[in-house]
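Work through the exercises below with the sequence and the model open. Each task is followed by its solution.

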Amino acid sequence: MKSMSDEKRFRLIVTIILTLFSIVALFPMILLVVASFTDENELITHGYQILPRKLSLEAYSYMVKQASTIIRAYLVTIGTTIAGTALSIFLTSSIAYPMARKNFKYRNALSFFVYFTMLFNGGLVPQYIMWTTFFHIKNTYFALVIPNLLMTAFNIFLVRNYYSNSLPEALFEAAQLDGASEFGIYTKVVFPLSKPVIATVGLFVALAYWNSWTNALYYVTDPKYFGIQNLLMRIMKNIEYLRTGAAEMSAEGQAVTLPGNSIRMALAFVGILPIVIIYPMLQKYFIKGVVVGAVKG
Amino acid sequence: MVIYMTKKRNKKFNKNTLSLFLIALPGCLYLLINNYIPIMGIFVAFKNYSYAKGIWDSPWCGFSNFKFLFITNDAWTITRNTLLYNLAFIVLGTIMSVFLAILLHELGEQLRGKFFQSTLLFPHLLSWVVTAYLVYALLGSSNGFVNNTLLGKDNAIDWYSAKAYWPVILVLVYLWKNAGYTAIVYMAGIAGIDKEIFEAAQIDGAGKVKQIFSITLPMLRPTVIIMTLMSIGRIFYSDFGLFYQVPMNSGALFQVTQTIDTYVYRGLMEQGNIAMSSAAGVYQSMVGFVLVVLANFIVKKKDPENALF
């Protein structure tokens, strides 16, 4: 009896501590969301707060008026995320498959070829010179999708391990006896069977593309190629960038001042909105992905 | 007949090998371009590079780029910052993650346990750009939460130019963003411990705290050692987003926020100083390589299962 109550008390303490940590984890996020709904004058006098005295939708109505820049950035991000994730899944799984086949003569050489990219890299300077002077990707959509993010050795090994652990050699032999070619086995047998690992890797790759800003930072100067993250970077520096075309004028002919403080936060909120919406539904898979990834590294 | 058979088998074998090779080819080409060509390109650091002349025609200059880099204080500053921040991240990150993992494990499969896992992992899913916004909402000098609500306008601190605070701020931001992620990794390690050990301890009258210190922590030790070794292997690399985005590119803070990665970027893109930038990049690649190989060698000795290769 006594040990039961001890256990309960222990659990209660654990719950209290974790609640405090969770509040710390979410607090900045809540502050940002509340700030985006706060009246601009209130922000100027009292700063960002959790319980503002006056709320306002001004920031969002302004964003709707200036929607074209934001929609464009959103489309760029969605496009790069879809293209990048699809390509990444294709490349990652297709290089991982031969690495997992025991009868492939060069599997060790191939594994080392992939592994070495984890040990050594040339760094930003040669990479930058190569992409800009040989491939001329500066200010193209390729710049957002191709460099760095497409394929990591870490993901390749994750998929390879899945192939070699959960797909028995007998499966390949049976398919071969049925006269299937290696291409056939890969596309019709292996790829469909690898949905769980593909989904896990795809989820994290998609998140990486949604959150990516370095490629545009290195390789893009033309704002037309800015995704949502780079738009956010730009707006942190200069809120006026949101004005499209001629600045609108008030009745007195003065340029209207932007509710800059709340707009910044509103835009950041819009930028993470998809994650906020998707996360509660897929949190199980995110957590599983973290655990699976942990097996190696 | 026999000869014919082996020939046929050989042919079939080769055909399979060829097919598998072709399947791997697109991925190989990508790695070749994205990873291997830049490795070969590190010779740029030994040239006096100019965009006008290109990499082939720029004149060689031996080690002079490195000489210039190491004459300046920059080399010392960026090495110190990179190493000390990583050290702080490893020590404090491990302590906090293991602590959180033990707490999360206590609640196990319960609904609130799952809820806490999700909330603690959430910061990890945000980009560094958004994280910089969140930090700005807290620390912005005129309208930040800290200056207005916690300190009051009279005691306000101009955070983005007060470099003394930044080592603490950056460590806190790092922990905020990553501790939940690593905690889940460690939690998986704890979940792998045989439940009977805990049950036996309970029967022997060991309380929860005692169980943590004499079962959970010792059993988790190998995982902690492996994870720490892996981090030590990466100690010469820093998270570019953390050090570039969060301090908002504030020059007043460079002395405590500049790491090798931000230095290479700023040299290349903002100052056009390719000589220093490429030298620092090669310095990072070389030392980083030695450390990763060394760390992995030790991991392999301790626990072959978890070695990278």
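**Exercise 1.** State how many residues each chain gives to the contact, and describe the side of chain A that touches chain B.

Solution. Chain A gives 82 residues and chain B gives 75 residues, where two residues are in contact if their C-beta atoms, placed from the backbone, lie within 7 Å. Next, list the elements: those giving two or more residues to this side of chain A include α1 (2-36), α4 (67-100) and α14 (260-294) of chain A. Helices here are DSSP runs of H or I with at least four residues, numbered from the N terminus. The largest share, 16 residues, comes from α1(A). Finally, sort by class: the side of chain A that touches chain B has 54 nonpolar, 21 polar and 7 charged residues. Ala, Val, Leu, Ile, Met, Phe, Trp, Tyr, Cys and Pro count as nonpolar, Asp, Glu, Lys and Arg as charged, and the others, Gly among them, as polar.

The model is predicted: local features need pLDDT of at least 70, side-chain atom pairs count only at pLDDT 80 or more, and totals for chains, interfaces and linings use all residues. Residues are numbered from 1 along each chain as its sequence is written, and chains are lettered from A in the order in which they are written.

**Exercise 2.** Locate H136(A) and decide whether H136(A) is buried or exposed.

Solution. H136(A) is in the loop between α6 and α7 (142-145) of chain A. Its phi is near 50°, a positive value in a residue other than glycine. Most residues other than glycine have a negative phi. Now count neighbours: H136(A) has 11 other C-beta atoms within 10 Å, so H136(A) is exposed (buried means 20 or more other C-beta atoms within 10 Å, exposed 12 or fewer, partly exposed in between; C-beta atoms are placed from the backbone).
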